[in-house]
Structures are given as structure tokens and as C-alpha cells.
Amino acid sequence: MKQQRDEKQGSKQQHNMQVSEDHLQLLGTIHEMIDTELDRRGVVQTGRPEHPPPEKASPCRHSLWHSIVKFFIN
């Protein structure tokens, strides 16, 4: 009984983690689209820190997210 509940919680946590990762990827894509549009319009971007593209940031975010999840699970 407890094992089924643990498996159900684990499955839900994995699903939630995947949804969060998908949202981060979508936000990165939106960020790129906005940057592209601002560049097209010739708007100068100032006072905003530069971030690497989501493809490069994803593994770092992914491992950080896993570390955070492991902290709360264990």
C-alpha cells in the first residue's frame, strides 16, 4: 500500500518537474523572440544582464532543479 503511494507521488513529482522544465524552456524561447524583435526594431537594450541562450543554460538549470528536488525528497 505504502509502496503504491510512494510510486504515485514519485510519478507526480516527475510529471511536475517535467512541466517546470517545459515552462523554463518556453520562457527562454519567449525571451529570444523578444530580443529578436527588439533587435529588428533597433531598440537599444541597456541595464539588463545578458543571459546565455536556453540551450546552454538548460543543463545547469536541470542539475540545479534536480538538486533542489533531491534536497526536499531526501
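Is Leu24 buried, partly exposed or exposed? Leu24 counts as partly exposed because its relative accessibility is 37%, where buried means under 20% relative accessible area, exposed means over 50%, and partly exposed lies in between (1.4 Å probe, protein chains only).

## Basis of the model

This is a predicted model, in which local features need pLDDT of at least 70, side-chain atom pairs count only at pLDDT 80 or more, and totals for chains, interfaces and linings use all residues. Residues are numbered from 1 along each chain as its sequence is written, and side-chain values use heavy atoms, with hydrogens and water left out.

## Overall fold and surface

The chain has two helices and zero strands. Both terms refer to DSSP runs numbered from the N terminus: helices are H or I runs of at least four residues, and strands are E runs of at least two. Helix H1 covers residues 2-41.

Of the 74 residues of the chain, 9% count as buried. The accessible surface comes to about 6700 Å², and carbon and sulfur atoms account for 59% of that area. Accessible areas come from the Shrake-Rupley method with a 1.4 Å probe; for residues, only the protein chains shown count as cover.

## Nonpolar patch

Leu24, found in helix H1, is one of the residues of a nonpolar surface patch of about 450 Å². The other members are Leu26, Leu27, Ile30 and Ile34. Patches are made of residues with over 30% relative accessible area and no salt bridge; nonpolar side chains (Val, Leu, Ile, Met, Phe, Trp, Tyr) are joined within 5 Å, and like charges within 9 Å.

## Salt bridges

A search of the whole structure finds two salt bridges, each defined as a side-chain nitrogen of Lys or Arg within 4 Å of a carboxyl oxygen of Asp or Glu. Arg40 meets Glu37 in a salt bridge with an N to O distance of 2.5 Å. Arg40 and Glu37 are three residues apart in helix H1, about one turn of the helix.

Arg41 also forms a salt bridge with Glu37, with the closest N and O atoms 2.8 Å apart. Arg41 and Glu37 are separated by about one helical turn because they lie four residues apart in helix H1. Glu37, Arg40 and Arg41 are thus linked in a network of salt bridges. Within this network, Glu37 is partly exposed at 28% relative accessibility, Arg40 is exposed at 62%, and Arg41 is exposed at 59%.
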